[in-house]
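Let us read a protein model together, one feature at a time. The learner asks and the teacher answers.

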Amino acid sequence: MTCKSTTHDYDYLIVSTGSQTNFRDNQSAIENAFEFKNITDAIDIKYLIIEYLEKASQMTDPAEKKKTPVILYHRRGGITGVELATEINDFIKAKLRKEYNTIRQDEYDITIFEYYKTILPSIDESQAVKAQDIVSKSGITLINNASVQDISKTCVSYCVNDETFTKDSTITVWTAGVMGGQEHLQSISENSAPPDKRLFINHSLTPENFDKDNIFVIGDSCAYKHKENILPPVAPPLAMQQGIMAVINIMRKIDGKEPKEFSYFHFGYLVSLGKNNSVVNLFGFKMRGRFAYYVWKMLYLYKVGMFKKQIAVFFDWIMTAWFGNESVLIIDQPTRKRSSKQE
Ligand SMILES: Cc1cc2nc3c(=O)[nH]c(=O)nc-3n(C[C@H](O)[C@H](O)[C@H](O)COP(=O)(O)OP(=O)(O)OC[C@H]3O[C@@H](n4cnc5c(N)ncnc54)[C@H](O)[C@@H]3O)c2cc1C
């Protein structure tokens, strides 16, 4: 295996190199939309919002103010865009109440462009319909059956039922999925036929149509079929369950035993819809609202894993609940990727 500066021999290799944002070949999105894939992206978006609040709070012309504060997302099927939009909505609402009271609550707009007829099409339909209602009532604009066509620095154009519309936007975040397709995946095998360029794997987690059985591809990098559907790139089905099975299979091979077949177990899903609201399905038991929110929080804490971190996260939540989110802005931090998309 060749790395940046060295090469490594291996007996067994687990490839779990994740995914990258799937801009679906939309050049305008590549150039002008923000990604939301890692912590740096999250910090960038938070800074942009604080900058927008600063600017808007100093504007006196209502027309100008109204033009600036639009924040938009385009998403397609996944949970990330909805969770991000609801978090930002809560963040802005709290900031307007406490620090930017020259901006009225109706003077900013968060919009989710959804490709399907409701948001969250990957969860149970009854929960998705309820989630649509909750998100809409929280003040977020939902545009369903929308296909985003073009994103410029100041607006988004989109189609609904073959009719084209545009909407002003200052910050557009693209949360419309992820893909594999990195060079090292292609060098393992050319079988990346799924639209999102992940590698098809078989039940022992090795790539399909591949002559070696000592390379395992797991997590977001792989396309794994379960009951004819390719499982979505989220942690519980792929990265976590497959990680355990890949290690078991390596141990079995070392002991001269046949590999075991991976069988996926569906626990359900957890979707946060902002403060005190969630939709949850745990082992088929569906919940929503405040109770679901606390279940979501508890499970999240459990999944953090390390006791020390669990305590830190728990107290961080308590502090945020009592004192609100930090809105400290460090200007011109060198790691920020946003400058090219904003200028
Ligand atoms: C904003 C966001 C929110 C999410 N929320 C949830 C959620 O609530 N619940 C959930 O289940 N899932 C969620 N997901 C999805 C979840 O994060 C992924 O499914 C999971 O992290 C995939 O794990 P992985 O190990 O396959 O890849 P990753 O966790 O992405 O890890 C891949 C690692 O490989 C490294 N790497 C990449 N290329 C190379 C290379 N060439 N050489 C060496 N190293 C490399 C990367 O730097 C990274 O450290 C979310 C994803 C995003 C982006």
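A: Start with pairing: two strands pair if DSSP finds at least two bridges between them. Helices (H or I, at least four residues) and strands (E, at least two) are DSSP runs, numbered from the N terminus. Residues are numbered from 1 along each chain as its sequence is written. This is a predicted model, where local features need pLDDT of at least 70, side-chain atom pairs count only at pLDDT 80 or more, and totals for chains, interfaces and linings use all residues.

Q: Which residue stands opposite Ile143 in strand 6?

A: Phe113 does. Strand 5 (residues 109-114) and strand 6 (residues 141-143) run parallel, joined by three bridges.

Q: Which unit do strand 5, helix 5 and strand 6 make?

A: Picture the strands pointing away from you. The crossover is right-handed if the path from the first strand over the helix to the second runs clockwise. Here, strand 5, helix 5 (residues 125-137) and strand 6 form a right-handed β-α-β unit.

Q: Is strand 5 mostly covered or hardly covered?

A: Count neighbours. A residue is buried if 20 or more other C-beta atoms lie within 10 Å of its own, exposed if 12 or fewer, and partly exposed in between, with C-beta atoms placed from the backbone. Strand 5 is mostly covered, with five of its six residues buried. In helix 9 (residues 307-323), the count of buried residues is zero.

Q: What span should helix 9 have?

A: The expected span is 1.5 Å times one less than the number of residues. Helix 9 has 17 residues, so it should span 24 Å; its end C-alpha atoms are 24 Å apart, which agrees. Gly324 follows helix 9, with a positive phi near 85°.

Q: How many residues has the largest nonpolar core?

A: In soluble globular proteins, nonpolar side chains tend to be buried together. A nonpolar core is a set of buried Ala, Val, Leu, Ile, Met, Phe, Trp, Tyr and Cys residues joined through C-beta atoms within 7 Å. The largest one has 45 residues, and Val82 and Val271 have the most contacts inside it. Helix 2 (residues 39-58) gives the largest share, six residues. A second, separate core has 15 residues, including Leu199 and Phe216.

Q: In which order do strands 17, 18 and 19 form their open sheet?

A: The order is 17-18-19, with antiparallel pairing. Strand 17 (268-272) and strand 19 (285-289) are the edges, each pairing on one side only. Strand 18 (residues 278-282) pairs with strand 19 over five bridges. One bridge partner of note: Val279 has Arg288, in strand 19.
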